[in-house]
Amino acid sequence: MTCYIPGQPVTAVVQKIEIQKLRQGDRLILGFSIGGGIDQDPSQNPYSEDKSDKGIYVTRIAPGGPADVAGLRVGDKIMQVNGWDMTMIKHYQALKKLTKPNEDVVRLLVTRKSLEQAVRGAMGLQ
Amino acid sequence: KRLPLVLCLYSVYSCENKTFIENLHPNICRTRDRHKSRSKDSRSEKSVTINTPPAEPLLGDSSVRGEPVQDDNWGETTTAVTGTSEHSLSQEDIVRITKDLEDSVGLDCRRYFTLTLAVILGLLVFLTPLAFLVLPHVLWPDKLQTCGTACEGLFISVAFKLLILLLAVWALFFRPPRAALPRVLVFRALLAVLVLLFVVSYWLFYGVRILDTQDENYQGIVQYAVSLVDALLFIHYLAIVLLELRQLQPYFSLTVTRSTDGETHHYNLGQLSIQRAALAIIEHYYCDFPVHNPALLSASKSRAAKHLAGLKVYNVDGEFPSQSRAMIAAAARRRDTSHNELYYEEAEHERRVRKRRARLVVAVEEAFTHIKRLQEEEQKKAPGDIMDPREAAQAIFPSMARALQKYLRTTKQQHCHSMESIQQHLAFCITNNMTPKAFLESYLSSGPTLQYSKDHWLSRQWTLVSEASVTSGLKDGSVFLLKCVDFSLVVTTKKIPYIQMSEEYIDPKSHKFVLRLQSETSV
C-alpha cells in the first residue's frame with residue numbers, strides 16, 4: 001500500500017475478487033467484517049502500514065463463508081466494491097454499498113502487500 | 001573440680017522445659033533482667049549449685065584456658081541463679097536516682113550567668129540615651145541652649161521609641177527558656193557583641209566630641225540620642241530576622257529514627273545550628289513518637305539470645321578456636337526452625353490480643369450503661385445517692401478492671417497505666433460525655449510520650465552526639481544522635497532540592513475535541 005498524499009492519485013496493485021452472497025434466513029451475508037473509514041480513527045488499525053490510512057480493511061473472515069471461498073484474506077484493503085470507490089468513504093456508507101439487498105454478487109478490488117511484492121519480484125526477474 | 005563462687009552478674013533465661021545459665025554478652029546482664037528473673041524464680045527451681053561458671057564470654061576466653069572447666073552435662077543440669085550481689089537494684093530505684101540527678105542545681109549557674117549578662121547589657125542599652133540627654137544638663141547647665149519646640153518634640157519621639165524597644169526586647173528575649181543547650185547560641189552571642197560595640201562606639205563619640213568640648217547645641221545632642229535609639233531598633237530588627245525569620249522557611253528534611261524499634265518520622269526544618277535542630281526534634285519527639293515500651297523488645301532479644309546460644313564453641317582441648325568462619329557456616333547449615341516458631345507465636349499472640357480486646361470492649365460498654373447523667377431538673381427531684389464524676393468512676397471501675405488489666409498485660413502496657421490514672425481518665429470521660437470507645441482509645445493504641453505521666457517517659461536527659469561541631473549549621477548529609485538512657489534517636493539530614501519552575505500558557509479557547517471511533521461491522 002502506498003502512502004497517501006492528499007490530492008495525488010493513488011496507485012496500487014489490486015486483485016479482483018468476486019463473492020457470491022449467501023442467503024441466510026432473510027438476510028444476504030458475505031462472511032467477513034470490515035473496519036475503517038474516513039470517520040474512524042486510523043491509528044487503531046492493526047493491518048495498515050501507514051497509520052493515517054483511512055481506507056476500508058477486512059478485519060475478520062468467517063471460515064468457510066463466501067468471502068473465504070472467494071479468496072479474500074484478513075488485512076486486505078478494499079479499493080472498490082462493484083465500481084464504487086472505497087478509499088474515501090465513511091464507514092456506514094461502505095456498509096451500505098456492500099449490503100445492497102437486490103445484488104447477489106459483489107465484485108471487489110482488494111490490495112495487499114504480498115501482491116505488491118509478487119509484482120515487484122516478477123518485474124525484477126524479468 | 002569446682003571453682004569458687006564468683007559474685008558477678010548472671011541473667012537467667014527459662015524456656016519451656018529447661019533452665020540454663022548463659023553468661024552472655026555483658027550488655028544483656030542488666031538490672032531489669034535481674035528484676036524480671038527474680039519474679040520468674042518464684043516459679044522455677046532454685047537450686048544454687050554452680051558447677052563451672054566462666055567469668056567471661058566463652059569465645060576468646062583466655063583466663064580459664066589452663067583448666068578443663070567444661071563439665072559435659074553442665075547445660076542440662078538444672079541450675080538457677082539469681083542476682084546474688086548485695087547491691088541489687090530494682091527498676092524503681094534506678095528511676096528515682098535519675099530523677100534526683102535531674103533535680104540537682106548543677107547546670108543552673110550557667111543559666112544565671114547568661115541571665116545576669118543579658119540584664120546588664122539591657123540596662124546599659126536603655127540607660128544610654130537617657131544618660132546622653134541628662135548629662136549636659138548636669139555638667140554644664142548654664143552654657144546649654146534652651147530646648148525649643150523641635151527639640152521637645154524629639155523628647156516625645158525618644159520616649160516612645162524607647163518604650164517600643166523595651167516591649168520588643170521583652171517579647172523576643174525574655175521568654176521562659178525551653179531547654180539547656182550544650183553550647184552557647186552563636187547568633188545571640190554575636191548580636192550581644194554587636195550591641196555592645198555599638199553602644200561603646202556611641203559613648204566614645206559622645207565622650208570625645210560632646211563631653212570634652214561641652215557642646216552647647218542641645219538639639220544636636222537630642223538628635224544624637226534619637227539616632228542611637230533608631231539604630232537600636234534596627235539592630236532589634238536584625239535580631240528578629242537572624243533568630244526567628246531565617247529558621248522559618250523549610251530548607252532541610254530530617255529523618256528521625258528510634259534505634260530500638262525503628263519508629264521513623266520526618267520533619268522539615270530551616271537553616272538551624274545542629275543543637276537547635278536537635279532541640280526542635282526532641283520537642284517533636286514528645287508529640288509524635290509513641291511512648292518507648294521496653295517490654296515490647298523482649299521477644300527479639302530472646303530470639304537473639306537463642307541465635308547466640310547456637311554459636312557456642314567449647315574449648316575441648318584447651319585450644320583457642322580460631323575459625324570463626326567455620327562456626328558461622330556451621331550455624332547456617334543447621335536446620336533452623338526459629339522462623340516457624342516466630343510465625344506461629346505471632347499468630348497466636350494476635351489471636352489472644354483480639355480475644356482480650358473483644359472482652360474488654362464488651363465489659364466497658366456494659367459498665368457505661370450503668371450510669372446515667374442527671375439533667376438539671378432531675379437533680380433537684382432525685383432522692384437517691386447522687387455521685388460526682390469521681391465517685392461514679394469508682395463505682396463502675398471494678399466491673400471492667402479485670403478485663404482491662406488482662407488486656408494491658410497481653411499488650412505489655414501494664415506499666416504505663418496505674419490504677420489511679422485509669423480511674424482519673426474514666427472520670428474525665430464520664431464528665432465529658434464520651435462514649436466507651438472514646439474511653440478505650442487511649443489504651444488500645446499507644447499514644448505519644450506526652451500523654452503519659454513523667455515517670456513513664458524513660459527519656460528526660462538527652463545527650464547530643466555529633467561529629468561536626470554542634471554550633472555549626474545543618475548541612476546535607478549531616479548525621480547526629482540524640483542519646484537517652486535506653487535508646488537513641490538517629491537523625492539524618494537531606495536538603496530540599498532547588499526547584500526549577502517554568503510556565504506554560506494555555507489559551508482557554510484551545511480545548512477542542514474530536515471523536516475517535518473504531519467500529520468493526522460484519523457484512
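Student: What should the 26 residues of helix 5 (residues 186-211) of chain B span at 1.5 Å a residue?

Tutor: The expected span is 1.5 Å times one less than the number of residues. That gives 38 Å for helix 5 of chain B, and its end C-alpha atoms are 36 Å apart, which agrees. Helices here are DSSP runs (H or I, at least four residues), numbered from the N terminus. This is a predicted model, where local features need pLDDT of at least 70 and side-chain atom pairs count only at pLDDT 80 or more. Residues are numbered from 1 along each chain, and chains are lettered from A in the order in which they are written.

Student: Which residues of helix 5 of chain B are buried?

Tutor: Buried means under 20% relative accessible area, exposed over 50%, and partly exposed in between (1.4 Å probe, protein chains only). In helix 5 of chain B, the buried residues include L191(B), F198(B) and Y206(B). Their cover includes helix 3 (108-139) and helix 6 (218-243) of chain B, judged by contact (heavy atoms within 4.5 Å).

Student: Is V119(B) buried or partly exposed?

Tutor: V119(B) lies in helix 3 of chain B and counts as partly exposed because its relative accessibility is 38%.

Student: How many residues of chain A are in contact with chain B?

Tutor: The size of an interface is often given as the accessible area lost when the parts come together. Here, 19 residues of chain A contact 8 residues of chain B. The buried area (1.4 Å probe, summed over both parts) is about 1,100 Å², with 45% from carbon and sulfur atoms. Q40(A), D41(A) and Q44(A) supply 36% of the area that chain A buries against chain B, more than any other three residues.

Notes. Side-chain values use heavy atoms; hydrogens and water are left out. Helices (H or I, at least four residues) and strands (E, at least two) are DSSP runs, numbered from the N terminus. Buried area is the accessible area (1.4 Å probe) that two parts lose on being put together, summed over both.
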